[in-house]
Each structure stands twice: as C-alpha cells, then as structure tokens.
Amino acid sequence: MRFAFRSLTAIAAIIAFAACNRSDAAAHRDVAATAEVSATAYSTGSPAVAPPASPLADSSLVRADAARIQGSASAPVWIIEVSDFQCPFCREWHDSTYAVVKREFIDTGKARFAYYNFPIPQHKNAWPAAEAAMCAGIQGKFWQMHDALFGSQAKWEMEPDPTRVIDGLATAAGVDAAKMRACVTSHITRPLIQADFDRSEERGVHSTPTFLVNGAQLVGAQPIEPFRQAMAAALRKAGSK
C-alpha cells in the first residue's frame, strides 16, 4: 500500500514560512504542488530501501522505520514532517507547535505523524544527529531522542565532534547509549535516512521543516493555525470530522 498525498483546493498547496534552505542548485527547483510519500517498510510489507546484507540490520531498519511514526493506524490523515535536527527553524517548530499538533490531531486519532530526515549538507552535525535518533528508534526510543536533540540543539550543533554530547542526551533519555553508538558507528540506519532525503528531494522539498498534510504542503516553522486549516480540509475530503 502506498499513501498518495494530493493537493487540496481548500488551501494553498504551499504555505511558506521561516525555514532552513539548501545552499546548492537543488534549492532553486520549483516545489511540487503535489507529493507522494511512500508508507514506511513495516506498513507496506516491502522494504523502504534496498535490503541490507545482514538480517540483523534488516530487522533493525524495520524497527527504526516504524519507531518514527505516531498515531492510530486508522487515522484518516497523514502528517509528514521533513526535518533536520540541526535546523534552528525545525527546533523552533518543535518548541512552539509540535505539542499542539500532537494534542489536537495525533492523540485524538485524527492523524498519523511521521518524521522524515532531511539533513541539509551545510549542517555538519545533522547526519550524526539523525543517525542517533534512528538508532534510538531501534530501541523504541525515537521520540525520546527526537525531543532531546531539539531540546538541547545549542549544546551539540557547533561541536567539532558531537558524539559525547549526543551520547549523554541518549543516556538521559533512557536510551542504551552504547548500543546506539554501535549502531551509529556501523551506519545501520544510514540507508533509511538517505532514502528519506532522496524521496523528499524528488518531490520538491528543498527546505526544512516542510510538512505534508495529505498532500497540502506547508513550508517552514508554521504556527498551529495553518495545520488546523489543512487538517479541516483533509478531514472533509476524507469524510471525517
């Protein structure tokens, strides 16, 4: 099963706000008015990326893939966040709007929420942070690590080597830091992160955070009202309230 996200006529296809942008040529491509985001491996029954050689890595990728999703499987709307842990606007959105989106739409069963990784090249610690979060997901702790990374971004974003700080955050978040570090060192989740990046870029995403609400694209650190509008339109189309 694939989830197609088509543009909604009730609101603008793209709503722009403050966002981190790529500095290379890809940043100048037109943003697609529609997007299709494949379901993650555990819900499609097929791998999201080429199967790794090791059965352990394959099992780990399935767990990591599933861990970054919140919400009821019967929710009529998907919200996809395409994000970068080092992006200050992603942190701003996490601090100001994420909890409200979770309370109003995810916890109420109206939406499922998935985090897609888009580590921008100029953010040198974005990849280590993404791998740490996805490796924490193998332990069922993605969202704990997600919150810890955004909550402490200033502590690790400019570090020449953020390993010590990120490992400390993992321990404080209840993650087995040694297992997480072994996963990061082995780059077990790197193919999944790269697949997130490539899939998002193919669909016209060039800045973070970008959100897809059943196809309506919201760009930047949006406040809650655009999400309410997008959700209302998506729920009407789905025949839900």
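I looked up the aromatic pairs first and found 13 in the structure. I note that the model is predicted.

I then examined Tyr-98 and Phe-113. Their ring centres lie 5.9 Å apart with the planes at 55°, so I recorded the pair as tilted. I located Tyr-98 in helix α3, residues 88–106, and Phe-113 in strand β7, residues 111–117. The pair therefore ties together parts that are 15 residues apart in sequence.

Next I checked whether these two residues are buried or exposed. Tyr-98 has a relative accessible area of 6% and is buried. Phe-113 is buried as well, with a relative accessibility of 0%.

I followed Phe-113 to a second partner, Trp-143, with which it forms another aromatic pair. I entered 5.9 Å centre to centre and 55° between the planes, a tilted arrangement. This pair links strand β7, which holds Phe-113, to helix α5 (residues 142–151), which holds Trp-143; the two residues are 30 apart. Trp-143 has 11% relative accessibility; because buried means under 20%, I listed Trp-143 as buried.

I asked which residues the ring pairs link into a cluster. The cluster consists of Phe-85, Trp-93, Tyr-98, Phe-113, Tyr-115, Phe-142, Trp-143, Phe-150, Phe-211 and Phe-227.

Finally, I looked for arginines over ring faces. Arg-68 lies over the face of Tyr-116, at 4.9 Å from the ring centre. I also found Arg-190 over the face of Trp-127, where the distance from the ring centre is 4.3 Å.

Technical notes
Residues are numbered from 1 along each chain as its sequence is written. This is a predicted model: local features need pLDDT of at least 70, side-chain atom pairs count only at pLDDT 80 or more; totals for chains, interfaces and linings use all residues. Side-chain values use heavy atoms; hydrogens and water are left out. Rings of Phe, Tyr and Trp (its six-membered ring) pair if their centres lie within 6.5 Å; planes under 30 degrees apart count as stacked, over 60 as edge-to-face and the rest as tilted. Helices (H or I, at least four residues) and strands (E, at least two) are DSSP runs, numbered from the N terminus. Buried means under 20% relative accessible area, exposed over 50%, partly exposed in between (1.4 Å probe, protein chains only). A charge sits over a ring if NZ of Lys or CZ of Arg is within 6 Å of the ring centre and within 35 degrees of the ring normal.
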